[in-house]
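Work through the exercises below with the sequence and the coordinates at hand, and try each task before reading its solution.

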Amino acid sequence: MNRLLKAVCTVIGFVFLMSLIMPLNTLVPMTSANAQDAGRSPIADIVEAWRASPHADRSSEAFTHWNEDGEIPGSCATCHSSTGAEDYLNGPMSTPGVIEHPVPLGTTIGCVVCHQSSAETLASVPFPSGVAVDMLGSGAVCAVCHQGRASSDSVNTATLGIEDDAVSAELGFINIHYAAAAASLMGGEARGGYQYEGKTYKGKFTHVPNLATCTDCHNPHTLEVAQESCASCHQNISEFSDIRMSPIDFDGDGDTTEGIANPIASLHERLDVAIRKYAADVAGTDIVYHSGSFPYFFTDSDGDGAASGEEAIYPNRYQTWTPRLLRAAYNYQIIAKDKAIYTHNPHYALQLLYDSLENLSEQADVDMSGLVRP
């Protein structure tokens, strides 16, 4: 189907959908009290839920980043437009997350992306590592975009032939991208994190049978987590981050009752310290991280351990990379950008953090006392 025809079909479908909704919204002020009496179509509630979700936010950076360019490149369009997503799902999917042509501006991630036959029957999803994952069930279409854009393999390719502690102008920070929840979920099977040679890694996070896919835990339209599903078993928690199912003291603080998010956060903080220590003592240039400025790692010109507005700019990006430093920084970013990794795959997160700290400790003064690897 050519692009013009597809666009026409999309418009027709949207007009039809609105014809079901708008008469109810305009003629009858909807409240919970009169919705049933008015015979409100269930599709109206679904569309309203989607409209309030990040997938429908036309003003967000995810859908406006390319406005000045006039089109969305094929390397981004799959996850940042309905048109690109449709083209990818109906194509060969030969390069994970990439189509070979740009697409027009103006779409979000709409109903048609997930409610088409190619999405509903999708069984195997290629990941950046080259691995095709077929254990995602109803969450397969979610994994197309929430898989990140890099992997262990990306880092290994970039560092091939360079000594671990040699500074190389050929190296730059490798960013997994954002919200790579499916990569976290699949763990060592998808190789989303940097996995050190000789180590074994947790595979797919196995929970309980009815909470095993993206849509088991997240409302597919609002994207919110179904809290009641968690509360049925975890009855004494006020936040998801309070949940813990392991008695092991991973961070050596003596507390095994705190939520598993706490030792992950503790090791993440330790990794920040270790990265800065290695950068200063081995790479020879102070480094600092800023979560909101690309490419996230910058030269700490004043050595105060914090990224000021003048420092967190692209021209001041960190450029004194060694392979060892790059691997640890890559894993640091994975934990930083998957805000719920403590839910998606907590032990995989702890393994990545522990191994990064251990590897840096071979050359820098990194305190590993009290730490336990899952």
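The exercises that follow go from the overall fold to the cores, a helix, a loop and some backbone details.

This is a predicted model, in which local features need pLDDT of at least 70 and side-chain atom pairs count only at pLDDT 80 or more, while totals for chains, interfaces and linings use all residues. Residues are numbered from 1 along each chain as its sequence is written, and side-chain values use heavy atoms, with hydrogens and water left out.

**Exercise 1. Describe the secondary structure and the burial of the protein.**

Begin with the DSSP runs, where helices are H or I runs of at least four residues and strands are E runs of at least two, numbered from the N terminus; the protein has 16 helices and 4 strands. Next, take burial, with buried meaning under 20% relative accessible area, exposed over 50% and partly exposed in between (1.4 Å probe, protein chains only); 44% of the 374 residues count as buried. Finally, turn to contacts, which are heavy atoms within 4.5 Å: among those between residues at least 6 apart in sequence, 61% join residues at least 24 apart.

**Exercise 2. Identify the largest nonpolar core and the elements that supply it.**

A nonpolar core is a set of buried Ala, Val, Leu, Ile, Met, Phe, Trp, Tyr and Cys residues joined through side-chain atoms within 4.5 Å. The largest such core has 50 residues, and those with the most contacts inside it are Ile275, Phe297, Trp321 and Leu325. At least two residues of this core come from each of α13 (261-283), β3 (287-289), α14 (323-337) and α16 (346-360), with α14 giving the most, 9 residues. Taking Ile275 as an example, and not counting residues up to four places away in sequence, one finds that it touches Ile287, Phe297, Leu325, Ala328, Ala329, Tyr332 and Leu360. A second, separate core has 27 residues, including Phe63, Ala119, Val125 and Ala190.

**Exercise 3. Explain why helix α5 is described as largely enclosed.**

Count the buried residues of α5 (residues 82-89): 8 of the 8 are buried, so the helix is largely enclosed by the rest of the structure. Then inspect the start of α5, where a side-chain oxygen of Ser81 comes to within 2.9 Å of the backbone nitrogen of Gly84.

**Exercise 4. Compare the surroundings of Ser246 and Ile248.**

Locate both residues first: Ser246 is in the loop between α12 (227-231) and α13, and Ile248 lies in the loop between α12 and α13 as well. Ser246 counts as buried at 10% relative accessibility, whereas Ile248 is partly exposed, with a relative accessible area of 37%. A polar atom of the Ser246 side chain lies 3.3 Å from the backbone nitrogen of Ile248. Leaving aside neighbours within four places in sequence, Ser246 is in contact with Thr256 and His347, and Ile248 is in contact with Thr256 and Val372. Ile248 and Arg373 are 125 residues apart in sequence, but 9.4 Å apart in space, C-alpha to C-alpha.

**Exercise 5. Find backbone geometry that departs from the usual pattern.**

Most residues other than glycine have a negative phi, and most peptide bonds are trans. Met93, in the loop between α5 and α6 (111-114), has a positive phi of about 50 degrees and counts as buried at 15% relative accessibility. Arg191, in the loop between α10 (181-186) and α11 (214-217), has a positive phi of about 60 degrees and is partly exposed, with a relative accessible area of 28%. A cis peptide bond, with omega about 5 degrees, joins Phe294 and Pro295, and Pro295 lies in the loop between β3 and β4 (297-299).

Key. Polar contact = N/O pair within 3.5 Å; in protein donor to acceptor, adjacent residues only side chain to side chain.
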